[in-house]
Amino acid sequence: MRQAPTQIRELVERATGALGYELVGVEWVSHAKGRHLLRVYIDAEDGVNLTDCERVSHQVSGLLEVEDPVAGDYALEVSSPGLDRPLFEVAHFARFVGQTARVKLYAALDGRSNYKGAITAVEGDEVVLEVDGEPVRLPFGKIASARLVPSF
């Protein structure tokens, strides 16, 4: 996962928790020429709207300015997880057992690095997907990114 460093995630979690939001995840994306993006995904029981994202953005940017854990320039983006919710932790996969997910691995496993299938279980540090009718065990540490696939 492109998760932000632990220190940044902890600061963001402190800010979002104080406002009563669930922190879904924090991504740190590096771009060319030293530009960076800090993307924060939040959720709440009744969902989130633009006002919620603005509140969290204001709180997080103030805390990051004071604590200054980020070297260089970066843009802060606060968003809801959306219909194609990102899955950052093993617990996220467990929470969405039965749902379809698209998973990308850092490196190919048995000649394949992209998977799409129903999440059937989480066993230890492995995520089990049903892909083409067969169970596939994916070590969580090898997952680069994962998102739910919305069904309409």
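In what order do the three strands of the open sheet stand, and is the pairing parallel, antiparallel or mixed? I started there, bearing in mind that this is a predicted model.

**Entry 1: the sheet.** I read the strand order as 1-2-3, with mixed pairing, in an open sheet. Strand 1 and strand 3 (74-79) are the edge strands; each has a single partner strand, so one side of each is left without a neighbour in the sheet. I looked up the turn between neighbouring strands: on average it is 15 degrees, direction ignored. Then I took the pair formed by strand 2 and strand 3. These strands run parallel and are joined by six bridges. I noted one bridge partner by name: Leu 38 is matched with Leu 76 in strand 3.

**Entry 2: helices on the sheet.** I checked which strands each helix crosses. Helix 1 lies across strand 1 and strand 2, and runs at about 145 degrees to strand 1. Helix 2 lies across strand 2 and strand 3, at about 145 degrees to strand 3.

**Entry 3: the cores.** Next I went to the largest nonpolar core. I find 19 residues in it; Val 12, Val 26, Leu 38, Val 40 and Ile 42 have the most contacts inside it. Helix 1 (6-18), strand 1 (22-30), strand 2 and helix 2 (50-67) each give two or more residues to this core. Helix 2 gives the most, with five residues. I followed Leu 38 further. Leaving out residues up to four places away in sequence, I list among its contacts Ile 8, Val 26, Trp 28, Leu 64, Tyr 74 and Leu 76. Another core lies apart from this one; it has 17 residues, including Val 103, Val 127, Ala 146 and Leu 148.

**Entry 4: Asp 43.** Where does Asp 43 sit? I place Asp 43 in strand 2 (residues 36-43). Its relative accessibility is 14%, under the 20% limit, so I count Asp 43 as buried. Beyond residues up to four places away in sequence, Asp 43 touches Tyr 21, Glu 22, Val 24, Val 48, Pro 81 and Arg 85. With Arg 85 there is a side-chain to side-chain polar contact of 2.8 Å. The pair also counts as a salt bridge, the closest N and O atoms being 2.8 Å apart. Arg 85 is in the loop between strand 3 and helix 3, Asp 43 is in strand 2, and the two are 42 residues apart.

**Entry 5: Arg 85 and its other partner.** Is Arg 85 buried or exposed? I have it as buried, because its relative accessibility is 7%. Arg 85 also forms a salt bridge with Glu 22, with the closest N and O atoms 3.5 Å apart. Glu 22 lies in strand 1 and Arg 85 in the loop before helix 3 (90-95), so this pair ties together parts 63 residues apart in sequence. Glu 22 itself is partly exposed, at 29%. Through shared partners, salt bridges join Glu 22, Asp 43, Arg 85 and Arg 95 into one network.

**Entry 6: a salt bridge between strands.** I counted nine salt bridges. One that I looked up joins Arg 39 to Glu 77, with the closest N and O atoms 2.7 Å apart. Arg 39 is in strand 2 and Glu 77 in strand 3, so the pair ties together parts 38 residues apart in sequence. Arg 39 is buried, with a relative accessible area of 17%, whereas Glu 77 is partly exposed, at 32%.

Notes: Residues numbered from 1 in each chain as written. Predicted model: local features only at pLDDT ≥ 70, side-chain atom pairs only at ≥ 80, totals over all residues. Heavy atoms only, no water. Helix = DSSP H or I, 4+ residues; strand = E, 2+ residues; numbered from the N terminus. Buried < 20%, exposed > 50% of the residue type's maximum accessible area, 1.4 Å probe, protein only. Polar contact = N/O pair within 3.5 Å; in protein donor to acceptor, adjacent residues only side chain to side chain. Contact = heavy atoms within 4.5 Å. Core = buried A, V, L, I, M, F, W, Y, C linked by side-chain atoms within 4.5 Å. Pairing = 2+ DSSP bridges. Axes fitted to C-alpha atoms, helices over the stretch in contact; angles between N-to-C directions. Salt bridge = Lys/Arg side-chain N within 4 Å of Asp/Glu carboxyl O.
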